[in-house]
Amino acid sequence: MRLAVLGAGAVGRSVAELAGEYGHEVTALADSSSAVVDPAGVDADAALARKDAGDALGDAEPDEALAAEYDALVEATPTTLGDAEPGFSHLRAALERDRHVVLANKGPVAERYADVRELEADSAGDVYFEATVGGAIPVCATVDDLGAKHVSAVRGVLNGTANFVLSRMAAEGLDYDHVLAEAQDLGVAEADPSFDAEGTDAALKCVIVANVLREADCDSLAELRDAAVTLADAEVEGIEHIPGSALDLAAEDGRTVRLVGEATRDRVSVGPRLVPEHGTLAVTGTRNIVEIDHEYAGGLAISGRGAGGEETASAVLADVARLE
C-alpha cells in the first residue's frame, strides 16, 4: 500500500523507516516546513538524514505531500486540542479524495469524533486510529474484536511519563520534583511535562475509548453527534501535587498510587488512584496496562509499551494492514 506520512517526529519517522518491512511504500513524507514526494517511492532514510543534519526533508511544500499519490494518509503531526487543526483538515482532505486515513494524532478523534465519522461516511476511505490510545497496546482493536456493545468499561495506566514518576517516587522515597528532573534527563519526560503530569494525555486516550463505546450504541450519525464526548467532558486530575508521604502511607497499607484513567458510556475520568501494590494496575516504569470489563468474557488485561516511535508505529502499520 502507498503511504503519505505527515509528521516526521518519532512516530512519523518510524513509520517511514519501517513501512518497507511491512510491504508498504512511502510516496510522500512531510514535516511542518517541507516535504519529499515521489510516486515511485521516496528514500525515507536519505530524507530523514537531511532533516537530522538541519536541512529540509525535501524540495516540496508540505501541502504537496497531502496532494500526492497514495492509498492511505498517516497523520502523525502533533496532537492539538479544540478544533484539532491542522490534523483534522489533513484528514478531511484525504477523505475527500476517497483515501484512507490512519491517525497517530489524537486530536481529531478526541475532540471531533462525530465530525470524523461524518466525513468518513461520505468517503470511500476508512479511518483507523489504534495508535492514538495505547502505543503498541491494541486497545481499540481488542474492544472492537470483543464487541464494543458488550464492553462496559476500559481503565488503565495510560501515560508512561506519569507512571515512571510515580513508581520511582514509591520505590526510592523521592519527591515529585526530584523524580521529574530525573525523567527529563533520561528523556522520559518532555521539557514541558504538563501534558503528561496534568493527566491531559491519559484523558484524551480515555475520551477516544469512550467515543468508541458510545458509538456502538448509536444507530445514526445524528445520535453519535449527541453522544460524542471531548476532553472538556472528562474529569481530570494530575500527579503534580502528590507528596512523597502519600506514597509512603499507601505502602504501609500494601498499596501504591497510579494515574488511572477510566472510560465508560457515562463518564471519563483520570486521576491518582490507590491500587494494590502487587495488583494488575501497579505496573512500573514507563509500562502501560489496560483492563477491559466485558459482559461475557469478564475482565481482560493487556500490557505493553504505551509510547515510543517504533512501538506506536507498529500500531499505525497494524491499522494499515486492516485496510488491505
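**View 1. Lys106 and the residues around it in the predicted model.** Leaving aside neighbours within four places in sequence, Lys106 is in contact with Thr79, Thr132, Asp201, Leu204, Lys205 and Ile208. As for where this lysine sits, look in the loop between strand 5 (100-103) and helix 5 (107-111). Is Lys106 buried or exposed? With a relative accessible area of 13%, Lys106 is buried, because the cut-off for that label is anything under 20%. UniProt, in an unreviewed entry, puts the feature "binding site" at Lys106. Keep this residue in mind for the pocket view, since Lys106 turns up again among the residues nearest the centre of the largest pocket.

**View 2. The glycine-containing stretch from Gly7 to Gly12, as annotated in UniProt.** The record (an unreviewed entry) gives the annotation "binding site" to Gly7, Ala8, Gly9, Ala10, Val11 and Gly12. Of these, Gly7, Ala8, Gly9, Ala10, Val11 and Gly12 are included in the lining of the largest pocket. Zoom in on Gly9 and you are in the loop between strand 1 and helix 1. Gly9 counts as partly exposed, because its relative accessibility is 39%, which falls between the 20% and 50% cut-offs. Ala10, for its part, has its place in helix 1.

**View 3. The largest pocket, about 1400 Å³ in volume.** Which residues lie nearest the centre of this pocket? They are Val11, Pro78, Thr79, Lys106 and Glu190, out of a lining of 49 residues. Plenty of elements chip in: at least two lining residues each come from helix 1 (10-18), helix 3 (62-66), helix 7 (131-134), helix 9 (160-172), helix 11 (194-197), helix 12 (200-215), strand 12 (298-305) and helix 15 (309-323). Sorted by class, the lining has 16 nonpolar, 22 polar and eleven charged residues. Two of the residues named at the centre have shown up already: Val11 belongs to the annotated stretch of View 2, and Lys106 is the annotated lysine of View 1.

**View 4. The second largest pocket, with about 340 Å³ of space.** Here 16 residues make up the lining, and Arg117, Tyr128, Phe129, Cys140 and Asp144 lie nearest the centre. Helix 6 (113-121), strand 6, helix 8 (139-146), helix 12 and helix 15 each supply at least two residues. Which helix gives the most to this lining? That would be helix 8, with four residues. The class split is nine nonpolar, no polar and seven charged residues. Helix 12 and helix 15 also appear on the list of contributors to the largest pocket.

**View 5. The one cavity of 30 Å³ or more.** About 40 Å³ of space lies inside this cavity. Its lining consists of Val133, Val139, Val154, Leu158, Cys206, Val209, Ala263 and Val290. How many of the lining residues are nonpolar, polar and charged? Eight are nonpolar, none is polar and none is charged.

**View 6. The open sheet of six strands.** The strands come in the order 3-2-1-4-5-6, and the pairing is mixed. Strand 3 (35-37) and strand 6 (127-128) sit at the edges, each pairing on one side only. Zooming in on one pair, strand 1 (residues 2-6) and strand 2 run parallel and are joined by five bridges. Within that pair, Leu6 has Ala30 of strand 2 as its bridge partner. Strand 2 (residues 25-30) is largely enclosed by the rest of the structure, because five of its six residues are buried. On to another pair: strand 4 (residues 72-75) runs parallel to strand 5, with four bridges between them. Leu73 stands opposite Val101 in strand 5.

**View 7. Thr200 in helix 12.** Which residues does Thr200 touch, not counting those up to four places away in sequence? Its contacts are Leu81, Phe195, Leu231 and Val236. Thr200 is buried because its relative accessible area, 13%, is under the 20% cut-off.

How values were computed
Residues numbered from 1 in each chain as written. Predicted model: local features only at pLDDT ≥ 70, side-chain atom pairs only at ≥ 80, totals over all residues. Heavy atoms only, no water. 1 Å grid on protein atoms, 1.4 Å probe; cavity = no way out; pocket = protein on both sides within 12 Å on 5 of 7 lines; lining within 4 Å. Points joined across faces, edges and corners; volume = space filled by probe spheres on them. Nonpolar A, V, L, I, M, F, W, Y, C, P; charged D, E, K, R; others polar. UniProt positions renumbered as here; feature names shortened; annotations may be inferred. Buried < 20%, exposed > 50% of the residue type's maximum accessible area, 1.4 Å probe, protein only. Contact = heavy atoms within 4.5 Å. Pairing = 2+ DSSP bridges.
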